[in-house]
Amino acid sequence: MKTTLPFRHENEKTYLNKIHPLVRLILPFILVLPFLFINNIYLIFTILILTLIFNLIFRLNILKILSRFTVIIPFVLLITLFIPLYVGDNIIYQLKIGIKINIYKEGLSLAFLIFLRVFGALFVFMSFFSTLTYSEFIEALTKLRIPAFLIGSFVIMLHYIPILASSNKKILEAQEMRGKKITTYWQKLKIHAYIMGKSIILNMERSEKLFESLKMRGFSGKITFATKRVKFHDFTLLTFYIITVILLIYFINLEFIYQGVISLFLP
Amino acid sequence: MNFSYNSGFKIQNLSLKIEENSIYALTGNNGSGKTTLLRLLVGLLKPESGFIKIFNEPLTRNKKELWEIRQKIGFLFQNPDDQLFAPTIEEDIGFGARNLKLDEKEVKKRVLWALQAVNLIEFKDYSPFNLSWGQKKRAALAGLLVLKPKLLILDEPFANLDFNAIYNHLKIIENLKREENMTILFTTHNLFFVENWAKKMLVLDNGKSLYEGEPKEGLNDTQVLELLGSYDKIREIIKND
């Protein structure tokens with residue numbers, strides 16, 4: 001089994017793998033930041049369509065990308081569901097279920113905008129990050145000149161997650177073998193908290209040893225894995241997206257285009 | 001050389017000389033100071049008095065000079081989980097080579113060689129956490145081999161390994177010793193390796209040297225035998241039961 005980041009599709013080779021990790025890390029920010037700050041629903045749609053086309057060109061599995069964040073969608077829906085009930089002045093519908101509940105026009109469009117923003121941001125990030133491996137992610141952070149101590153801490157943190165998890169499991173099993181009965185959720189939580197505390201102390205000693213072993217192999221504060229060069233096609237892709245986003249924000253009247261397209265289908 | 005921990009444990013008046021291209025065993029009971037001595041030898045701990053020379057160069061505290069000396073040393077930790085940290089075996093093995101500032105081609109060449117030397121080529125993309133203990137030990141060893149060390153320091157290299165894993169591990173180390181003319185210093189509780197593999201041995205008793213010399217002679221010494229014990233005592237308990 002390969003090491004994967006939570007957003008990565010395991011063992012999936014796509015054309016996107018050929019793009020430099022730094023570009024794969026920067027691109028979603030270039031696409032997402034404008035629509036997070038500009039209140040333009042057409043911009044979000046356009047960027048979503050652009051990402052969709054990108055996914056098709058780079059042969060990414062769209063269903064898999066969507067499956068990575070479907071868990072979050074109900075929470076977003078829950079948050080946005082109540083906005084139309086208290087934001088706005090113009091009532092578009094009135095629910096009568098014992099009491100009168102107003103649904104406001106402004107609230108509805110705000111809820112739709114928030115939902116679309118979250119969905120759009122998740123879709124764009126998951127699409128571009130779907131091929132990033134753990135080491136590529138670290139390489140991209142290094143290229144972005146993120147301080148070495150932060151990257152080092154991130155690497156060591158990731159190193160200890162499975163160790164902590166497995167030692168927790170072993171301690172729990174050993175306690176169960178010695179008659180500890182875990183019946184309620186509260187008991188389970190209490191035991192986990194106790195074990196976690198103990199494991200952290202144990203692993204602090206371990207991290208000291210890890211640091212020593214890294215020092216023995218020349219560690220000087222900077223962790224380097226295999227590095228790739230930024231090639232011409234990476235630069236081209238990045239430039240293409242930057243220009244596209246600038247055009248979409250400043251030069252193209254998206255509202256006019258969308259209304260034109262809609263009028264073609266809805267006379 | 002002298003050294004002491006805050007807990008009170010001391011390494012006292014210890015003196016040893018390891019010849020190049022030889023195999024040297026360090027043995028003693030748990031807590032006798034074997035690992036502490038190894039950590040002193042590689043500069044992870046600083047002696048309170050005395051000196052350490054590696055390949056005739058004094059072990060300094062200067063970071064740059066220390067790294068130059070450490071490039072000649074491969075230190076295998078007792079627990080491979082203390083050493084393996086990278087997302088994949090291949091990247092972990094390449095870590096030391098990249099710190100040598102070698103070009104990527106040379107790094108890849110050395111990584112491939114090390115992977116082949118420890119028979120882990122098919123596991124190169126695996127996470128260290130998905131390997132068995134024996135495989136982890138081999139991966140940790142490969143991580144040192146890329147440095148092309150002249151001195152290989154192995155802390156309990158055969159602990160927790162089954163017979164086949166010991167056989168494979170030993171075969172790899174023996175081949176490397178022959179091909180790369182490495183000097184080997186190892187700690188162990190297993191007197192079989194002390195007797196049959198090492199050319200010289202040091203027995204530590206509570207931070208002090210009890211015996212230094214030929215293993216065959218040492219293992220006939222009554223004081224050494226008393227300290228290290230023998231299976232005869234265990235046999236007695238089994239018989240009595």
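Here are some notes on this predicted model, meant for someone opening it for the first time.

1. Start with how chain A is cut up. Chain A has a domain 1 made of two stretches, 20-132 and 231-267, and a domain 2 that covers 146-229. If you take the C-alpha centres of domain 1 of chain A and domain 2 of chain A, they lie 37 Å apart.

2. While you're in domain 1 of chain A, have a look at the strands. β1 of chain A (residues 91-97) and β2 of chain A (residues 99-104) run antiparallel, with 6 bridges joining them. Two of the pairings are handy for getting your bearings: A:Leu95 has A:Ile101 as its bridge partner, and A:Gln94 has A:Asn102.

3. The link between those strands is short on residues: β1(A) and β2(A) make a hairpin with 1 residue between them. A:Gly98 sits in that turn, and its phi is positive, about 85°.

4. Next, salt bridges. Over all chains, the search of the whole structure turns up 11 of them. One inside chain A is worth clicking on: A:Arg24 pairs with A:Glu136, and the closest N and O atoms are 3.2 Å apart. A:Arg24 belongs to helix α1 of chain A (residues 21-37) and A:Glu136 to helix α7 of chain A, so this pair ties together parts that are 112 residues apart in sequence.

5. Now bring in the partner. How much area do chain A and chain B bury between them? The figure is about 2700 Å², with 60% of it on carbon and sulfur atoms. On the residue side, the contact takes 26 from chain A and 31 from chain B.

6. As for polar links across that interface, 2 salt bridges are counted between chain A and chain B. B:Arg39 and A:Glu212 are joined in a salt bridge through their side chains, at 2.2 Å from N to O. There are also 5 residue pairs in polar contact between chain A and chain B, with both residues at pLDDT 80 or more.

7. Which helices of chain A supply at least two residues each to the side that touches chain B? They are α7 (134-143), α8 (148-177) and α9 (185-216). The largest share comes from α9(A), with 8 residues. Sorted by class, the side of chain A that touches chain B has 12 nonpolar, 7 polar and 7 charged residues.

8. Chain B is split into two domains as well. Its domain 1 combines 1-72 with 151-210, and its domain 2 is 80-148. The C-alpha centres of domain 1 of chain B and domain 2 of chain B are 22 Å apart. Their contact involves 16 residues from domain 1 of chain B and 14 residues from domain 2 of chain B.

9. Putting the two domains of chain B together buries about 1200 Å², and 72% of that is on carbon and sulfur atoms. Three residues to pick out in domain 1 of chain B are B:Trp67, B:His169 and B:Ile172: they lose the most area to domain 2 of chain B, together 34% of what that side buries.

10. What about polar links inside chain B's domain interface? The rule finds 0 salt bridges between domain 1 of chain B and domain 2 of chain B. The count of residue pairs in polar contact there is 1, with both residues at pLDDT 80 or more.

11. Last, the elements behind that contact. β7 (151-155) and α6 (163-180) of chain B each give at least two residues to the side of domain 1 of chain B that touches domain 2 of chain B. The largest share of that side, 5 residues, is from α6(B). By class, the side of domain 1 of chain B that touches domain 2 of chain B comes out as 10 nonpolar, 3 polar and 3 charged residues.

Terms used: Residues are numbered from 1 along each chain as its sequence is written. Chains are lettered from A and ligands numbered from 1 in the order in which they are written. This is a predicted model: local features need pLDDT of at least 70, side-chain atom pairs count only at pLDDT 80 or more; totals for chains, interfaces and linings use all residues. Side-chain values use heavy atoms; hydrogens and water are left out. Domain bounds come from an automatic or database domain assignment. Contact means heavy atoms within 4.5 Å. Buried area is the accessible area (1.4 Å probe) that two parts lose on being put together, summed over both. A salt bridge is a side-chain nitrogen of Lys or Arg within 4 Å of a carboxyl oxygen of Asp or Glu. A polar contact is a pair of N or O atoms within 3.5 Å; within protein, one must be able to donate a hydrogen and the other to accept it, and residues adjacent in sequence count only if both atoms are side-chain atoms. Helices (H or I, at least four residues) and strands (E, at least two) are DSSP runs, numbered from the N terminus. Ala, Val, Leu, Ile, Met, Phe, Trp, Tyr, Cys and Pro count as nonpolar, Asp, Glu, Lys and Arg as charged, and the others, Gly among them, as polar. Two strands pair if DSSP finds at least two bridges between them.
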